[in-house]
Amino acid sequence: MSPRLRKFIGMIAILAFCGLYVVVVVSVGDHIPDHWAARLAYYGVAGTVWGVPLFPLIRWMNREP
């Protein structure tokens, strides 16, 4: 598979994952207690963790043929 095609497929996968991730985070966020510290902690962690599942995909996208 050419690097260009691999990067295109990876870009589509990243966009799909980010869209789904946002929907899930907001849906779960509706059930967080209505306290500023709880919401800050939840959205702080959710905003940081989103990149971890993408590391293998990004490695695959940038792999040399």
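**Exercise 1. Which residues of helix 1 are buried?**

Solution. Before we start, keep in mind that this is a predicted model.

Step 1: Get the cut-off straight. A residue is called buried when its relative accessible area is under 20%.

Step 2: Go along helix 1, which covers residues 3-29. The buried ones turn out to be Arg6, Gly10, Val25 and Gly29.

Step 3: Look for what lies over them. The cover includes helix 2 (36-49) and helix 3 (55-61).

**Exercise 2. Work out how the span of helix 1 compares with the expected one.**

Solution. Step 1: Count the residues; helix 1 has 27.

Step 2: Go from the first C-alpha to the last, and you get 38 Å.

Step 3: Put that next to the expectation. At 1.5 Å a residue, 39 Å is expected, so the helix comes close to it; the expected span is 1.5 Å times one less than the number of residues.

**Exercise 3. Find out what surrounds Arg6, and which side chain of opposite charge is nearest to Arg6.**

Solution. Step 1: Place the residue. Arg6 sits in helix 1 and is buried.

Step 2: List its contacts, skipping residues up to four places away in sequence. Arg6 touches Met1, Trp60, Met61, Arg63, Glu64 and Pro65.

Step 3: Check the charges. The nearest side chain of opposite charge belongs to Glu64, 6.8 Å away. A salt bridge needs a side-chain nitrogen of Lys or Arg within 4 Å of a carboxyl oxygen of Asp or Glu, so Arg6 goes without one.

**Exercise 4. Track down the salt bridge of this structure and say how exposed its two partners are.**

Solution. Step 1: Count first: the structure holds one salt bridge.

Step 2: Name the pair. The side chains of Asp34 and Arg39 meet at 3.6 Å, N to O.

Step 3: Sort the partners. Asp34 counts as exposed because its relative accessibility is 73%, and Arg39 counts as partly exposed because its value is 25%.

**Exercise 5. Which residues make the nonpolar surface patch, and is Leu5 exposed or partly exposed?**

Solution. Step 1: Pick out the members: Met1, Leu5, Phe8, Ile9, Met11, Ile12 and Leu15. Their patch comes to about 690 Å².

Step 2: Zoom in on Leu5, a residue of helix 1. With 41% relative accessibility, Leu5 is classed as partly exposed.

**Exercise 6. How far apart are Cys18 and Trp50 in sequence and in space?**

Solution. Step 1: Locate Cys18 in helix 1. Cys18 counts as partly exposed because its relative accessibility is 25%.

Step 2: Now do both distances. Cys18 and Trp50 are 32 residues apart in sequence, and in space they are 7.8 Å apart, C-alpha to C-alpha.

Note on methods. Residues are numbered from 1 along each chain as its sequence is written. This is a predicted model: local features need pLDDT of at least 70, side-chain atom pairs count only at pLDDT 80 or more; totals for chains, interfaces and linings use all residues. Side-chain values use heavy atoms; hydrogens and water are left out. Patches are made of residues with over 30% relative accessible area and no salt bridge: like charges are joined within 9 Å, nonpolar side chains (Val, Leu, Ile, Met, Phe, Trp, Tyr) within 5 Å. Accessible areas come from the Shrake-Rupley method with a 1.4 Å probe; for residues, only the protein chains shown count as cover. Helices (H or I, at least four residues) and strands (E, at least two) are DSSP runs, numbered from the N terminus. Buried means under 20% relative accessible area, exposed over 50%, partly exposed in between (1.4 Å probe, protein chains only). Lys and Arg count as positive and Asp and Glu as negative; His and the chain ends are not counted. Contact means heavy atoms within 4.5 Å.
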